[in-house]
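Trainee: I'd like to learn how to read a protein model feature by feature. Can we go through one together?

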Amino acid sequence: MTAPPPSDFDDVCDEQSGVLTTAQAVDLLGRGTVRGHLKAQRWRRVCRGIVTTTNGKLERRQQVWVAVLTAGPGALLGGVTALTEAGVRGLREKSLRVVVPAVRSRSTRLPDMPPDMPAVRVTRTRFLPEEHRQPATPPRTIASRAMVDAAAWAPSADAARTIIAVTFQQRCVVAEDVFSVLDGRRRLRRLGLIKRTVLDVAGGSLALSEIDFVALCRTAGLPAPDRQVPRRDGSGRLRYLDAYWRRWRLHVEVDGSHHVEAKQWAEDMLRQNELWIAGDRILRFPAGVIRARPDVVIGQVRAALGAAGWSD
């Protein structure tokens, strides 16, 4: 067998961050050359079937390639791992997630990993159409599919909603693409919650506390507010109202922890004064109260709507 030009080997190494299957390395350089690199410790054997053309600790980019290559043909990064590769910031998961087609005959049992390699969790799926594959390196699912999977795999409903909110906040997905991914997945875990949360986020509720508030209003039978309504303040700066009932000119602001800072507190008071001067009613709730005292929140919102002319 004639050895391929060195450029072929270089191209594969560049694309895969220096991580190769043993079969790839042998095909490109020959078994003797590979053995020589490993024996001289210029290369490293990461686990059964995987080598690196470096001999140091695995970097993040190499770790994800190890995960994909050990999972075998057709494997894609999925869930939070794929979202992180797509540029979503702030999501944390100890393991690397990989998706493989369920029709694949190869076992998903992975070899033992070294200490500098995170655990790899492989999920078999019967639903992996070509349009859910992102043309990227390393291979991964598209962001909308990754978000849906991550929400379904999350340890809790709150964690699932946080994943959706964070992904939308960073403008990595749009609602239309998410609902396209959801089409036909009737047995998906948390399907109803995912759909409701996407609708809330697409309607403007970007923080988890705002999503909680909208869900609370829905459960209580209150009319649905508009979310993240743009309005210019007295200085001409564009602001966004968390929840606004235009017909009754009622505005509800859900305050996160940063609102207790002195500068932000002063800005909030001045902004609230402008809304009152313009003729709106305004209610403010700390984010923690939305969940800790929902009866009080709904009682005050109901009373404010009633005072403005609404009747249920």
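Mentor: Let's start with a charge sitting over a ring: we count it if NZ of Lys or CZ of Arg is within 6 Å of the ring centre and within 35 degrees of the ring normal. In this model, which is predicted, Arg 97 lies over the face of Trp 153, at 4.1 Å from the ring centre.

Trainee: Okay, now the big picture. How many helices and strands does the protein chain have?

Mentor: There are 13 helices and twelve strands. The chain has 312 residues, and 46% of them count as buried. As for the outside, the accessible surface comes to about 16600 Å², with 50% of that belonging to carbon and sulfur atoms.

Trainee: And what share of the contacts with a separation of 6 or more comes from residues 24 or more positions apart?

Mentor: Those account for 58% of them. Here's one pair of C-alpha atoms to look at: Arg 171 and Val 88 are 83 residues apart along the chain, yet the distance between their C-alpha atoms is 8.9 Å. Arg 171 is in the loop between α7 and α8.

Trainee: Is Arg 171 buried or exposed?

Mentor: Exposed, because its relative accessible area is 74%, and the cut-off for exposed is over 50%.

Trainee: Let's go inside, then. What should I expect to find there?

Mentor: The general idea is that in soluble globular proteins, nonpolar side chains tend to be buried together. Here the largest nonpolar core has 51 residues, and Leu 83, Met 147 and Phe 168 are those with the most contacts inside it. Several elements each give at least two residues to this core, including β2, α4, α5 and β5.

Trainee: Which residues does Leu 83 touch, leaving out those up to four places away in sequence?

Mentor: Among them are Val 88, Leu 91, Met 147 and Ile 163. Ala 143, Ala 146, Ala 150 and Thr 167 are touched by Leu 83 too. Apart from the core around Leu 83 there's another one, of 19 residues, including Leu 222, Leu 283, Ile 290 and Val 297.

Trainee: What lies across from Leu 283?

Mentor: Try Gln 272, which is found in helix α11. The C-alpha atoms of Gln 272 and Leu 283 are separated by 9.3 Å, and the two residues are eleven apart along the chain. Beyond its sequence neighbours up to four places away, Gln 272 touches Ile 282 and Arg 284. Gln 272 counts as partly exposed because its relative accessibility is 23%.

Trainee: Now a helix. How do I read one?

Mentor: An α-helix has 3.6 residues a turn, so residues three or four places apart point the same way. Take α10, residues 208-220: its 13 residues reach 18 Å from the first C-alpha to the last, close to the 18 Å expected at 1.5 Å a residue. Its buried residues include Ser 209, Phe 213, Leu 216 and Cys 217. Right after α10 comes Gly 221, with a positive phi near 80 degrees.

Trainee: How many aromatic pairs does a search of the whole structure find?

Mentor: It finds three. In one of the pairs, Phe 213 and Trp 245 meet edge-to-face, 6.3 Å centre to centre with 80 degrees between the planes. Phe 213 is in helix α10 and Trp 245 in strand β10, so the pair links parts of the chain that are 32 residues apart. Phe 213 is buried because its relative accessible area is 1%, and Trp 245 is buried too, at 2%. Add Phe 285 and you have one aromatic cluster of Phe 213, Trp 245 and Phe 285.

Trainee: Last one: what backbone oddities should I look for?

Mentor: Most residues other than glycine have a negative phi, and most peptide bonds are trans. In this model, Ser 17 has a positive phi, near 55 degrees, and is in the loop between α1 and β1. Arg 190 also has a positive phi, near 65 degrees, and lies in the loop between α8 and α9.

Trainee: Is Arg 190 buried or exposed?

Mentor: Buried, because its relative accessibility is 16% and the cut-off is under 20%. Ser 17, at 23%, counts as partly exposed. As for peptide bonds, the one from Thr 137 to Pro 138 is cis, with omega near -5 degrees. You'll find Pro 138 in the loop between β7 and β8.

Conventions:
Residues numbered from 1 in each chain as written. Predicted model: local features only at pLDDT ≥ 70, side-chain atom pairs only at ≥ 80, totals over all residues. Heavy atoms only, no water. Helix = DSSP H or I, 4+ residues; strand = E, 2+ residues; numbered from the N terminus. Expected span 1.5 Å × (residues − 1). Buried < 20%, exposed > 50% of the residue type's maximum accessible area, 1.4 Å probe, protein only. Phe/Tyr/Trp six-rings, centres within 6.5 Å; stacked < 30°, edge-to-face > 60°. Core = buried A, V, L, I, M, F, W, Y, C linked by side-chain atoms within 4.5 Å. Contact = heavy atoms within 4.5 Å. Areas by Shrake-Rupley, 256 points an atom, 1.4 Å probe, with all protein chains shown as cover.
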